[in-house]
Amino acid sequence: MRGEFKVRGGKLVSVDVEASDEKIASVHVFGDFFLEPDDALEDINAALVGMPVEATAAELGAAITARLDARPEPVQMIGFDAEAVAIAVRRALGHASSWDELTFDVFEPAVMEPVMHVALDEVLPLEVAAGRRPPLFRIWDWDSPLVVIGSYQSLRNEIDAEGARKHGIGVVRRITGGGAMFMEPGNCLTYSLVVPTSLVEGLSFEQAYAYLDDWVMGALAEIGVKARYVPLNDIASEQGKIGGAAQRRFAGGVLLHHVTMAYDIDADKMGEVLRIGREKLSDKGTRSANKRVDPMRSQTGLAREQIIDGFLDHFRGHYDTRPATYTDAELARARELVETKFGTEEWTARVP
């Protein structure tokens, strides 16, 4: 059985694995990485022989590390590490998946109330977990302003109620952590990925964020934005923060990962609605009043719709996809959740 893992910013690790009696019988690790001294490769292979086929990535990695630490001279693993080998082994054994094994339902932007998109981020992962949908990628679009706060944020600490009333902007709490999303029609880009948790098998939470957004770094580069990932969950450019990600793991082995990026936000209005300190505004690339948070617009010169098209083209060009639309049942369930959960004061103010 063969498994592969491409280290983010590093090299490709491949393994051939044979198993017998629920244990690993043989392992051959290879790839375009660097290793000194070269005979340490034999120790990496030997460390895995005899390990249970159900061993976790952490257990496999620990076995490799212990074997290498026992050598009389230090070992340098360049472009990869014990975790990368462990993930490749888990993939070979069928416990982890890779991008090229998945087919994604891709949803083009569908304009609806933003609270419906918040609700769909609960509905759709459950559909994937139930096997009624494959993994999916969707881009939001909306017809009215709304602030979406993180699941654990304090309502009164994040929102200036008077400012929100003044500008007619409502507030909804989402199911993921992280910070507030200031969403007016046309001012930002938001997408959601729903994938099996096996795709991030063996990765830390921090690594999982970056791994699931690797594709968008390429998409941003294609439209002229030099971006980098800033742990834990931010995407930044030379001009400051572009956007942030959030995640939620569901029972049934499904992970929701969504990202919001600023396109052209009225910073003055945002400052009246959100209780954002000076440091936070600086982080968003705004240092004075009468400015707009516009990293995507100013750096690309492209209309928001062109950027969205670029993202869709890039995603479709790199992964196996099929076009999709929301079913009547999914939309009905989302509307029900708006009425019973996301549109209620009890949910929105659950952290006062």
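A residue counts as buried when its relative accessible area is under 20%, and as exposed when that area is over 50%. The exercises below apply this and related criteria to a predicted model.

**Exercise 1. The surroundings of Ser97**

Determine whether Ser97 is buried or exposed, and identify which residues it touches.

*Solution.*
Step 1. Locate the residue: Ser97 belongs to the loop that runs between α3 (82–92) and β6 (103–112).
Step 2. Apply the criterion: the relative accessible area of Ser97 is 7%, and the limit for a buried residue is under 20%. Ser97 is therefore buried.
Step 3. List the contacts: with residues up to four places away in sequence not counted, Ser97 touches Arg91, Pro196, Ser198 and Leu199.
Step 4. Look for a polar partner: a polar atom of the Ser97 side chain lies 3.3 Å from the backbone nitrogen of Leu199.

**Exercise 2. Arg90 in helix α3**

Establish whether Arg90 is buried or exposed, and find which backbone oxygen lies 2.8 Å from a polar atom of its side chain.

*Solution.*
Step 1. Arg90 is a residue of helix α3.
Step 2. Its relative accessibility is 10%, so Arg90 counts as buried.
Step 3. Among the residues that Arg90 touches, neighbours up to four places away in sequence being left out, are Val53, Glu54, Ala55, Thr56 and Ala57. The list also includes Leu60, His95, Ala96 and Glu201.
Step 4. The backbone oxygen in question is that of Ala55, at 2.8 Å from a polar atom of the Arg90 side chain.
Step 5. For the relation to the chain's beginning, consider Glu4: 86 residues separate Arg90 from Glu4 in sequence, while their C-alpha atoms are 9.3 Å apart in space.

**Exercise 3. The packing of α1 and α2**

Describe how helix α1 crosses helix α2, and state which residues of α1 are buried.

*Solution.*
Step 1. Two packed helices are described by the angle between their axes and the distance between the axes.
Step 2. For α1 (residues 40–48) and α2 (residues 57–69), the axes come within 9 Å and the crossing angle is roughly 135°. That angle makes α1 oblique to α2, and the crossing is right-handed.
Step 3. On the α1 side, Ala40, Asp43, Ile44, Ala46, Ala47 and Leu48 take part; they meet Leu60, Ala63, Ile64, Arg67 and Leu68 of α2. Sorted by class, this contact has nine nonpolar, no polar and two charged residues.
Step 4. The buried residues of α1 are Ala40, Asp43, Ile44, Asn45, Ala47 and Leu48. Their cover includes β3 (23–31), β4 (34–36), α2, β5 (76–78) and α3.
Step 5. After α1 comes Gly50, which has a positive phi near 90°.

**Exercise 4. The packing of α4 and α13**

Give the crossing of α4 and α13, and name the elements against which the buried residues of α13 pack.

*Solution.*
Step 1. The axes of α4 (residues 114–129) and α13 (residues 328–342) come within 8 Å and cross at roughly 120°. The two helices are therefore oblique to each other, and α4 passes α13 in a right-handed crossing.
Step 2. The contributors from α4 include Val115, Met116, Val118 and Ala119, and those from α13 include Leu331, Ala334, Leu337 and Val338. The contact has twelve nonpolar, no polar and six charged residues.
Step 3. In α13, Glu330, Leu331, Ala334, Leu337, Val338 and Phe342 are buried.
Step 4. These buried residues pack against β6, α4, β9 (170–173) and α14 (345–348).

**Exercise 5. Two side-chain polar contacts**

Identify the residue whose side chain is joined to that of Thr190 by a polar contact, and likewise the partner of Arg350.

*Solution.*
Step 1. Thr190 is part of strand β11 (residues 188–196) and, at a relative accessible area of 1%, is buried.
Step 2. Residues touching Thr190 include Trp140, Trp142, Met181, Val259 and Thr260. The side chain of Thr260 is the partner, at 2.8 Å.
Step 3. Arg350 lies in the segment after α14; with 38% relative accessibility, Arg350 counts as partly exposed.
Step 4. Apart from neighbours within four places in sequence, Arg350 is in contact with Ser151, Tyr152 and Arg173. The side chain of Ser151 is its partner in a polar contact of 2.4 Å.
Step 5. Arg350 and Ser154 are 196 residues apart in sequence, and the C-alpha to C-alpha distance between them is 8.4 Å.

How values were computed:
Residues are numbered from 1 along each chain as its sequence is written. This is a predicted model: local features need pLDDT of at least 70, side-chain atom pairs count only at pLDDT 80 or more; totals for chains, interfaces and linings use all residues. Side-chain values use heavy atoms; hydrogens and water are left out. Helices (H or I, at least four residues) and strands (E, at least two) are DSSP runs, numbered from the N terminus. Buried means under 20% relative accessible area, exposed over 50%, partly exposed in between (1.4 Å probe, protein chains only). A polar contact is a pair of N or O atoms within 3.5 Å; within protein, one must be able to donate a hydrogen and the other to accept it, and residues adjacent in sequence count only if both atoms are side-chain atoms. Contact means heavy atoms within 4.5 Å. Axes are lines fitted to C-alpha atoms, for helices over the stretch in contact, and angles run from 0 to 180 degrees between N-to-C directions. Angles under 35 degrees count as roughly parallel, over 145 as roughly antiparallel, 65 to 115 as roughly perpendicular and the rest as oblique. A crossing is left-handed if the near helix is turned anticlockwise from the far one by less than a right angle, and right-handed if clockwise. Ala, Val, Leu, Ile, Met, Phe, Trp, Tyr, Cys and Pro count as nonpolar, Asp, Glu, Lys and Arg as charged, and the others, Gly among them, as polar.
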